[in-house]
Amino acid sequence: MQDMINYKHLKYFWVVSHEGSIARASTKLNITPQTISGQLSLLEERIGFALFQKEGRGLRLTDTGHLVLRYADEIFELGNELGDVIRGSGTVGPADFIVAASSGLPKTIVHKIIAPALTIDHEIRLTSLEGPVESLLADLAVHKVDLVLSDVPVTGALSVKAYNHFLGESGITFFAAPSLAEQYRKDFPNSLSEAPLLLPTNQHEIRKEFDFWLSDKNIRPNIVAQFDDSALLKSFGQSGLGAFFMPSAIAQSIVETFHVEAFGTLPEVKQKFYAISAERKIRHPAIAAIFEAAKASLFAS
């Protein structure tokens, strides 16, 4: 079997399997479709079984293809872990550490989550990215990023092999410019009825949780504006346009940075935070530092 497998061919098979077509794999690998198709044919010839069947414009794995993919996932996961160990060893200059955060997460809490990575003994060069979580998980699958931060866990609905590491959770705290905060501090949270609120858009998990709470309490605020970008939301809040909420774990930082006042908390409305990696066990020293600090301090309460 060792003589049978060419690992370059196996890598092409692995990428095509996860991308769903030779065309998309060609773009991902920056290799012509003809080259990939030829290499796959050689792999099938060596194995002695077909790995794909055509399905519309894409490809579907055969039973043998599913079997080979399970082994390929394990092989390239181990290869990635080896890369993590080597890059994290600090023996040959700074090691690249690439963290991608879901665009809906507040920048302040992303900073607090990843900052401990820069305190480890190994010298690392941090790259921070953001975007839609589905796109980030696709990059994680092909090892373009080391870690994805999200407020929702990856599920089996996405064809990505990844592992959730629960960092912690936080209730939410409401903030506003001083004059508004004073007005709505009284009789909180009932004061939120008809209060001018600045909210994240409803594609974000915490907005769904907050809307459920509003419905349960029969509270109807005046939603002045909705934002995808949490930094822009906070800037409008700072200007006095309305009240807004952020995770309670960063309440002090929000007050100090944006010169607003906290006027109420909802510990029962919780935002959860996950670090999603391609490895089941945390071996990368920077990821370990992030996980330990989140548990010990940021979300300790």
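Why does Arg125 count as partly exposed? In this predicted model, Arg125 is assigned to that class because its relative accessibility is 43%. Arg125 forms a salt bridge with Asp96, and the closest N and O atoms of the two side chains are 2.8 Å apart. The pair connects distant parts of the chain, with Arg125 in strand 4 (residues 124-131) and Asp96 in strand 3 (residues 95-102), 29 residues apart. Asp96 is likewise partly exposed, its relative accessible area being 31%.

The Arg125 pair belongs to a wider set of charged contacts, as nine salt bridges are found in a search of the whole structure. Another salt bridge is formed between Lys107 and Asp229, for which the closest N and O atoms are 3.9 Å apart. This pair also links distant parts of the chain: Lys107 lies in helix 5 (residues 107-114), whereas Asp229 is located in the loop between strand 8 (222-227) and helix 9 (230-238), 122 residues apart. Through salt bridges that share partners, Lys107, Glu130 and Asp229 are joined into one network. With a relative accessible area of 31%, Lys107 is partly exposed, and Asp229 counts as partly exposed at 34% relative accessibility.

A further salt bridge is formed by Lys28 and Glu19, with 3.8 Å between the closest N and O atoms. Lys28 counts as partly exposed because its relative accessibility is 26%. Lys28 is also the nearest side chain of opposite charge to Asp139, at 4.3 Å. Since a salt bridge requires the nitrogen and the carboxyl oxygen to be within 4 Å, the distance of 4.3 Å explains the absence of a salt bridge at Asp139, a buried residue. Asp139 lies in helix 6 (residues 133-141). When residues up to four places away in sequence are not counted, Asp139 touches Lys28, Lys144 and Val145.

Helix 3 (residues 33-47) comprises 15 residues and extends 21 Å from its first C-alpha to its last, close to the 21 Å expected at 1.5 Å a residue. Its buried residues are Ile36, Gln39, Leu40, Leu43 and Ile47. Viewed down the axis of helix 3, these buried residues fall within an arc of 100° and therefore line one face of the helix. Exposed residues Gln34 and Glu45 are carried on the face of helix 3 turned away from its buried side. Gly48 follows helix 3 and has a positive phi, near 95°.

Technical notes: Residues numbered from 1 in each chain as written. Predicted model: local features only at pLDDT ≥ 70, side-chain atom pairs only at ≥ 80, totals over all residues. Heavy atoms only, no water. Helix = DSSP H or I, 4+ residues; strand = E, 2+ residues; numbered from the N terminus. Expected span 1.5 Å × (residues − 1). Buried < 20%, exposed > 50% of the residue type's maximum accessible area, 1.4 Å probe, protein only. Arc of directions from axis to C-beta. Lys, Arg positive; Asp, Glu negative; His and termini not counted. Contact = heavy atoms within 4.5 Å.
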